[in-house]
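This report looks at how strands are joined in a sheet and how a pair of helices is packed.

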Amino acid sequence: MLLAFKLLFLCWLWPQALLHGNIFHNKKKHPEVPIHDHKQQGSRPYMKMKKLDSTKSTVIKSEQLLRIEEHDFAMRPGFGTAAIPVGIDVQVESIDSISEVNMDFTMTLYLRHYWKDERLAFPSTSNKSRTFDGRLVKKIWVPDVFFVHSKRSFIHDTTMENIMLRVYPDGNILYSVRITVTALCSMDFSRFPLDTQNCSLELESYAYNENDLMLYWKNGNDSLRTEEILLSQFFIEEFNPSNGLAFYSSTGWYNRLYINFILRRHIFFFMLQTYFPTMLMVMLSWVSFWIDRRAVPARVSLGITTVLTMSTIITGVSSSMPQVSYVKAVDIYLWASFLFVFLSVIEYAAVNYLTTLEEMKKLKTRGKIPVNFNTTQAMAFDGCFHDDEIDLAPYPEVPITTDGTERRNSSINLPAEVHRLRRKRSLKQNVSYIMTNSHIIDSYSRLLFPFAYLVFNVIYWSLYT
């Protein structure tokens, strides 16, 4: 009976012990600090204990030093007085890409702002500045500079936001940020790919016009600095800063700064990809002039192949370019070359037709076919009509002596047609002669086509280079 009573007593004491242990543990986690209370209880003050709240953050010392809580930083420095001058300097890190299709460029740069805000002045015996990151920027006034005609832009944030704020004891401020921006560049492709493009990145205050904020280049022409930038398709000929004013009908005049750069395109890439293949296709079309005019499959297949290859080259170049409403330099070259290839096919069509007429005429004179035979019907089967027994050589053989020399004073009577070749003929006679001797068209084409293409190239490259 006594044992059972003791067990019940222990069970009653156990929860009480646990409760007192937790209270003691919490008192260690939240120590009490004594504070003086000057309310009199009799004649002497008494001590009262107060718990510290661990969840309440303390005031940052830098904010106390700069007295941020004492001022309204929604207003610009010197509000109600003259415009605050804000100096700008830029260091271009890279030009990441240039797109002809979208007519834009992407640039990474360091944008630095300089101004003075006396509200942030602080006492310093060593006259040293204080540097902060982006967390303090959200609590003070900074210029609202934006990029005009920008499509996309962002501040780099690896591993932290790439923002630096430096405050000097007299209130001068340096605010630097690393930005990548994609902006519009109005390009003129009338001389593409032998072109030079002028692009610019424009900076301007969004809210403050020239009466409130004055943007200027901090160090004049030295305010724009660039590292060594190499591009795959362009040479950078020039980088220079400039400034101007922009007017908006609803808000007034604004200061605007320009980062201007001139790009000249590399031509070697397009020579390998476009110009050299085009030249080779045109020259390949001339091979048909040396193929026998009776070899219809060989000459037709060669002509069609070169035409289709030229069409592929033109389509490939057009797909990589914006759809502009004017003619580009590369279009002139490609379509002129396509015309040369096309004319070589038309040339053989003319030669083949005239050859058929010539054969039919000789067959009629020999009486092998009726006089009223339709030449067009004869050509409808395979594109030509010829008799292998017919000799199409228009010139007679020159007699040769036994010792291998030509007989100059021969008694052989040459045809009257040969004698007429030596006299000056009219245009109609020349056309008639060519039509009756179709092989002459190939002979002339071997000279005229290369000469005309050479003249075209001389004119083209002298105009666009």
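Two strands are taken to pair if DSSP finds at least two bridges between them. In this predicted model, β6 and strand β10 (residues 196-205) satisfy that condition, pairing in the antiparallel sense over four bridges, and within this pairing phenylalanine 147 has leucine 203 of β10 as its bridge partner.

The pair belongs to an open sheet of four strands, arranged in the order β6-β10-β14-β13 with antiparallel pairing. Because β6 (145-148) and β13 (234-248) each have a single partner strand, they stand at the edges, and one side of each is left without a neighbour in the sheet. Neighbouring strands of this sheet are turned against each other by 25° on average, with direction ignored.

A separate topic is the packing of two helices, α4 (residues 268-285) and α10 (residues 439-464), whose axes come within 12 Å and cross at roughly 155°. Since angles over 145 degrees count as roughly antiparallel, this crossing makes α4 roughly antiparallel to α10, and the crossing of the two helices is right-handed. The residues that meet across this contact are set out by helix below.

| Helix | Residue range | Residues in the contact |
|---|---|---|
| α4 | residues 268-285 | Met271, Tyr275, Thr278, Met279, Val282 |
| α10 | residues 439-464 | Tyr453, Asn457, Tyr460, Trp461 |

Grouped by class, the contact of α4 with α10 has seven nonpolar and two polar residues, while no charged residues take part.

Key. Residues are numbered from 1 along each chain as its sequence is written. This is a predicted model: local features need pLDDT of at least 70, side-chain atom pairs count only at pLDDT 80 or more; totals for chains, interfaces and linings use all residues. Side-chain values use heavy atoms; hydrogens and water are left out. Axes are lines fitted to C-alpha atoms, for helices over the stretch in contact, and angles run from 0 to 180 degrees between N-to-C directions. Angles under 35 degrees count as roughly parallel, over 145 as roughly antiparallel, 65 to 115 as roughly perpendicular and the rest as oblique. A crossing is left-handed if the near helix is turned anticlockwise from the far one by less than a right angle, and right-handed if clockwise. Contact means heavy atoms within 4.5 Å. Ala, Val, Leu, Ile, Met, Phe, Trp, Tyr, Cys and Pro count as nonpolar, Asp, Glu, Lys and Arg as charged, and the others, Gly among them, as polar.
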